[in-house]
Structure formats: structure tokens, C-alpha cells
Amino acid sequence: MTKIVNLITKEQNEQEKYKNDLLEIIDNFRDMVSKGEVVEFAISSLDDEGEVVITTCCKDFIGAVGLFEMGKHTLMTQTSYFE
């Protein structure tokens with residue numbers, strides 16, 4: 001009987017799948033920008049050290065703050081999605 005040993009761990013497979021999910025979202029967002037469906041944005045993310053990074057492309061500061069607050073509100077009001 002031959003035993004097969006996988007050199008790639010389950011954790012590595014999950015990390016790769018998660019990275020591919022992130023890249024798919026970015027690709028879809030890029031397509032929306034290319035089609036003119038997105039003209040301003042505010043994106044918040046976490047780096048590998050747990051620091052929050054906010055990236056914006058807005059015509060003015062007020063628009064950036066508004067987009068960020070709308071995103072925060074949307075996340076907080078959709079708690080049933082995460083339960």
C-alpha cells in the first residue's frame with residue numbers, strides 16, 4: 001500500500017484560496033471602474049501587521065469621509081449576514 005504525503009498543508013491551501021478571493025474582488029472592482037460604474041471610492045483594509053489602511057480616490061475630503069461613513073454604516077446594519 002502506497003501512502004501519499006501532501007507537502008502543502010491545509011492552512012496553506014486556505015490562505016491561497018482566501019488570497020484568490022481577495023484578488024477576484026479586486027478584479028471585479030477594477031472592471032467596474034473601467035466601465036465607469038465607479039467614479040469615487042474609499043476602501044479600508046488591514047495590512048499583515050493588523051494596521052488599518054484607508055485608500056480613497058475622491059474629488060474632495062468631504063466626499064471621502066461620506067463614502068467611508070456610508071461603508072461603515074452598511075457594515076454595521078448588516079450584522080445578520082455575519083451571524
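What percentage of the 83 residues of the chain counts as buried? I started my notebook with that one, and the answer is 2%. A reminder to myself before going on: this is a predicted model.

**Entry: overall layout**

I went through the secondary structure next and found 3 helices and 2 strands in the chain. Reading along the sequence, I wrote the order down as α-β-β-α-α.

**Entry: dimensions**

I then looked up how the chain fills space. Its radius of gyration is 18 Å, whereas a compact globule of 83 residues would come out near 12 Å. The box around the C-alpha atoms, taken along the principal axes, is roughly 65 × 30 × 25 Å. I also checked the contacts with a separation of 6 or more, and 14% of them join residues 24 or more positions apart.

**Entry: surface and charge**

For the accessible surface of the chain I noted about 7,900 Å², with 58% of that belonging to carbon and sulfur atoms. On the charge side I have 8 positive and 16 negative charges in the chain. The mean positions of these two groups lie 6 Å apart.

**Entry: helix α1 and what flanks it**

Helix α1 covers residues 10-34, which is 25 residues. I followed it from its first C-alpha to its last and got 36 Å, close to the 36 Å expected at 1.5 Å a residue. Just after α1 I stopped at Gly36, where phi is positive at about 85 degrees.

On the other side, Asn6 sits in the segment before α1. Is Asn6 buried or exposed? I put it down as exposed, because its relative accessibility is 55% and the cut-off for exposed is over 50%. I also paired Asn6 with Ile62: they are 56 residues apart along the chain, and their C-alpha atoms are separated by 52 Å.

**Entry: Leu75**

Where does Leu75 lie? I found it in helix α2, residues 61-77. Its relative accessible area is 46%, so I logged Leu75 as partly exposed; that label runs between the 20% and 50% limits. Last, I looked at Leu75 against Val38, a pair 37 residues apart in sequence, and their C-alpha atoms are 19 Å apart in space.

Methods:
Residues are numbered from 1 along each chain as its sequence is written. This is a predicted model: local features need pLDDT of at least 70, side-chain atom pairs count only at pLDDT 80 or more; totals for chains, interfaces and linings use all residues. Side-chain values use heavy atoms; hydrogens and water are left out. Helices (H or I, at least four residues) and strands (E, at least two) are DSSP runs, numbered from the N terminus. The radius of gyration is taken over C-alpha atoms; the globule rule is 2.2 Å times the number of residues to the power 0.38. Buried means under 20% relative accessible area, exposed over 50%, partly exposed in between (1.4 Å probe, protein chains only). Contact means heavy atoms within 4.5 Å. Accessible areas come from the Shrake-Rupley method with a 1.4 Å probe; for residues, only the protein chains shown count as cover. Lys and Arg count as positive and Asp and Glu as negative; His and the chain ends are not counted. The place of a charge is taken as NZ of Lys, CZ of Arg, CG of Asp or CD of Glu. The expected span of a helix is 1.5 Å times one less than its number of residues.
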